[in-house]
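I opened this notebook to keep track of what I looked up, entry by entry. Here is the structure I worked from.

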Amino acid sequence: MNPSTKIVRINVNARRTTSIDDLPTDILSSEILVRLPAKCIGVYRTVSKQWLSLLSSKNFILLHCRHISTSYKQMFFSVAMFQSSVFPVTFDPSYYLSKSLIPLPTNTYWYDVRVLTSFDGLVCLSFRGTQKMILWNPLTHATKFVSSTVSRGRFKQKTDAVGLYVSSSNEYMLLHAKRKNGSMKLYKYSSRRDSWRKMGFVDERKYHNYKMSWSNGTFFQGVVYFIVKVDAAGMGNYLFSFHVDSDELKSKPEPTTTNHDDDGSLVVVRNQLHMFVSNSLPNWSLDLWRMDGENWTKIWVRQNILPPSLFRRTITYVVSTCKFLVVSRSGTVFELDTTKNGIECYYPVFPESRIQGAVYTETLVSPDF
């Protein structure tokens, strides 16, 4: 052997450092990146062209949305005096420090905006002057007008209702129940196709009563539910269910109560559909019912505790606190804690009044999906 020859010895047992680039793409996206907050995704898109392509794909965005929507990362989008903002639903005084101011789309004044509903990071807004509706992602600022004609996509406050949902083909849809020429009409908007389609409605005349007021829709397990309140003596209330796969609208029984003046609000709790029912005089009570198949089971009741501001309101379950957020039509926001008794179970959580808003989750979903 030549004395000048170097002998290189390789330790086959030496540990090799593993980097994130060594992980399979499917593991990287479905187990790691999908857990990141939506705000961080934009930063990681600059890592490489491969990551830009991966994190911008529709498959990843939908996967990320499904993961985030089932976690605790809920936010509250609000429109109040002279500003719109987003902040975590924490119900403590520090929300002033954690909220982010967001400019409204199309340079709109705050008092001209109605917050109708939200789903998967998309917020549906309407404008008081033109009645036009838009789908808007407050995080990415992506905006899409859905109004196409004089009547399609125009929202009237006292007679109309909307519901957002996603189809089995991952297509985002907007359902619009609208009073027209003395009867109710049902329209479906496809965000992907940017088109409206008229749907069938229940033929029974009692469902076209001009004194009906509709709640906005609640999407649960392939069905969009609407509560319809009839402001007429002895008429009672109705629950409509729109089945998204068959495009069929059906009437469904509400919880059995003795007061026709009851006011209902749907909410999904622990993957089950519930309804809050508020009862007026003489009891001023609030009941919570759970839907079990075709029947309803009362699981919670509080009497002689309900303030008038909790009538005609929306109630949303907050996953992070296991409590409920109540936004009254007068713009007062309450926290509702069903573990407490008497007047201690509800209390205002924001000092502002005339607030309108919706609990939503920050996602990257586009209004064009």
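**Strand S14 and its partners**

I began with a pairing and noted that Val-223 stands opposite His-243 in S15. Before going on, I wrote down that the model is predicted, that local features need pLDDT of at least 70 and side-chain atom pairs pLDDT 80 or more, while totals for chains, interfaces and linings use all residues. Residues are numbered from 1 along each chain as its sequence is written, and side-chain values use heavy atoms, with hydrogens and water left out.

I then looked up the wider pairing, where S14 and strand S15 (residues 237-243) run antiparallel over seven bridges; two strands count as paired if DSSP finds at least two bridges between them, and strands are DSSP runs of E with at least two residues, helices runs of H or I with at least four, numbered from the N terminus. Strand S13 (residues 218-220) also pairs with S14 in the antiparallel sense, over three bridges, and there Thr-218 stands opposite Tyr-225. In the hairpin of S13 and S14, two residues lie between the strands, and Gln-221 takes a positive phi near 50 degrees. Strand S12 (residues 212-214) is another antiparallel partner of S14, over three bridges, with Trp-214 opposite Val-228.

Is S14 buried or exposed? I found that eight of the eight residues of S14 (residues 223-230) are buried, so the strand is largely enclosed by the rest of the structure; buried means under 20% relative accessible area, exposed over 50%, and partly exposed in between, with a 1.4 Å probe and protein chains only. In a regular strand the side chains alternate between the two faces of the sheet. In S14 both faces are covered, with Val-223, Tyr-225, Ile-227 and Lys-229 buried on one side and Val-224, Phe-226, Val-228 and Val-230 buried on the other.

**Cores**

Next I looked up the nonpolar cores, which are sets of buried Ala, Val, Leu, Ile, Met, Phe, Trp, Tyr and Cys residues joined through side-chain atoms within 4.5 Å. The largest has 33 residues, of which Leu-33, Met-133, Tyr-172 and Leu-174 touch the most other members. Helix H4 (residues 58-69) gives this core its largest share, four residues. A second, separate core of 21 residues includes Leu-175, Phe-201, Val-202 and Phe-242.

**Cysteines**

Finally, I searched the whole structure for disulfides, pairs of cysteine sulfur atoms within 2.5 Å, and the search finds zero. Cys-40 is partly exposed, with a relative accessible area of 29%, whereas Cys-345 is buried, at 0%.
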